[in-house]
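Thanks for coming, everyone. Let me put the model on the screen, and then we go through it piece by piece.

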Amino acid sequence: MRIDGTWHRSVRVDEADGWSVRILDQTRLPWEVTWLRLADEDQVAHAIRSMQTRGAPLIGATAAYGVALAMRRDPAVLETVCAMLAETRPTAINLRWAIGRMLAALRNIPPGQRAAAAYAEAAAIADDDAATCEAIGRNGLPLIEEIAARKPGQRVNLLTHCNAGWLATVDWGTALAPIYMAHDAGIPVHVWVDETRPRNQGAALTAFELGAHGVPHTVVADNAGGHLMQHGEVDLVIVGTDRVTRTGDVANKIGTYLKALAARDNGVPFWVALPHSTLDMRVRDGVREIPIEERGAAEVTDLTGRTADGRIETIRVVAAGSPAANPAFDVTPARLVTGLITERGRIPATEAAIAAMYPEKA
């Protein structure tokens, strides 16, 4: 990821001491770039719960480093700390995948060797995510190239929901990786960025990182997507995901399902970008079986932003006394998904195609 022309990763071991962990505080974006230092597993858990770090692949990698921090302190707490970190966010399956991988790597080695092994495994998880996302970008790029070839000299208009870029992963991103590669290849892309209420990950995070990379984009209200599609202003929808079932149902940020419905009604391709760690082959029916996180009402009733004089303030926008509900995710049925962009290639969102692409998971 590029900030002020310098490449970074969203999570890394602090170069100064060689053991603590650095993450971007995403609750401070886009107003300021702040790197947090995490020194123990409790700080990692807080960062995940409070969404100082977020995005399904990134919270998995960050949690893995949380296990490493715990092993440095006390290698006997492996099972306890893994159980605690696994419960910090319920919907994103990458978190449990990463914790499961850490457990498998550490359970059967002597406690005195666990700290070094934990750091090595966490680094391997982070490297795997970065390489996976880069491959997703390569496999999604032809979708944009094909559209560009059909309309030479015109911009390719893409729409995305929430944030599925390098702020949601260790590097590159999922849904945004093909867009970055298209932009870097000289294709005139333009991105419609859903604001993504209630936390505004699109307006705050996706717009921030697209701007940092120089990608043309426009922030729109969440409900503008259907209108844009009706008027031919969207060539392609690409979103990320927090969990994909064995049958191709897709859990993603609340509002994704409505975009898929609008895309289907208007004949706009709707693609979902995902790494292997987002597949949950235990689940068949996403609507009935995927747990949907219910977050605090204040995320709906309050808004945080920068005032004209530069202060960061939180204000209430909902009538006093009115309650608010805040389901954080919804599920898009596989029938509305044009296809899946994975690190191994593009496939239909069907059980047979997923099993054929990932036979070791079937």
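Where is the place of Ala123? Ala123 is in helix α5. Helices here are DSSP runs of H or I with at least four residues, strands are E runs of at least two, and both are numbered from the N terminus.

Ground rules. This is a predicted model, so local features need pLDDT of at least 70, side-chain atom pairs count only at pLDDT 80 or more, and totals for chains, interfaces and linings use all residues. Residues are numbered from 1 along each chain as its sequence is written, and side-chain values use heavy atoms, with hydrogens and water left out.

Back to Ala123. It counts as partly exposed, at 26% relative accessibility. The scale: buried is under 20% relative accessible area, exposed is over 50%, partly exposed is in between, with a 1.4 Å probe and protein chains only. The C-alpha atoms of Ala123 and Val13 are separated by 8.7 Å, though their positions lie 110 residues apart along the chain.

Now helix α5 itself. It covers residues 114-150, which is 37 residues. The expected span is 1.5 Å times one less than the number of residues. That gives 54 Å, and the end C-alpha atoms are 55 Å apart, so the two agree. There is a kink of about 30 degrees at Gly140, shortly before Pro142. The bend is the angle between axes fitted to the seven residues ending at a residue and the seven starting there.

Next, the three-stranded sheet. It is open, ordered β3-β4-β5, with antiparallel pairing. Pairing requires at least two DSSP bridges between two strands. β3 (11-13) and β5 (35-38) are at the edges with a single partner strand each, so each has one side without a neighbour in the sheet. Neighbouring strands are turned by 30 degrees against each other on average, direction ignored. Three bridges hold the antiparallel pair of β3 and β4 (residues 21-24). Val13 has Val21 in β4 as its bridge partner.

Helix α2 (residues 56-73) lies across β3, β4 and β5, at about 25 degrees to β3. Axes are lines fitted to C-alpha atoms, for helices over the stretch in contact, and angles run from 0 to 180 degrees between N-to-C directions.

Val21 leads us to Val44. Their C-alpha atoms are 8.9 Å apart, at 23 residues along the chain. Val44 sits in helix α1 (residues 41-49). Is Val44 buried or exposed? Buried, at 0% relative accessible area. Leaving out residues up to four places away in sequence, Val44 touches Leu38, Thr62, Ala63, Gly66, Leu69 and Leu85. Contact means heavy atoms within 4.5 Å.

On to the seven-stranded sheet. It is open and mixed, in the order β8-β7-β6-β9-β12-β17-β18. β8 (217-220) and β18 (345-347) are the edge strands. The twist averages 25 degrees from one strand to the next. β6 (156-160) and β7 (189-194) run parallel, joined by five bridges. Helix α7 (residues 201-213) packs on this sheet, touching β6, β7 and β8.

Last stop, Asp242. UniProt lists it for "active site" in an unreviewed entry; such annotations may be inferred rather than shown by experiment, feature names are shortened, and positions follow the numbering used here. Asp242 is in the loop between β9 (236-239) and β10 (243-245). Its relative accessible area is 11%, so Asp242 is buried. Beyond four places in sequence, its contacts include Thr91, Asn94, Lys253 and Phe329.
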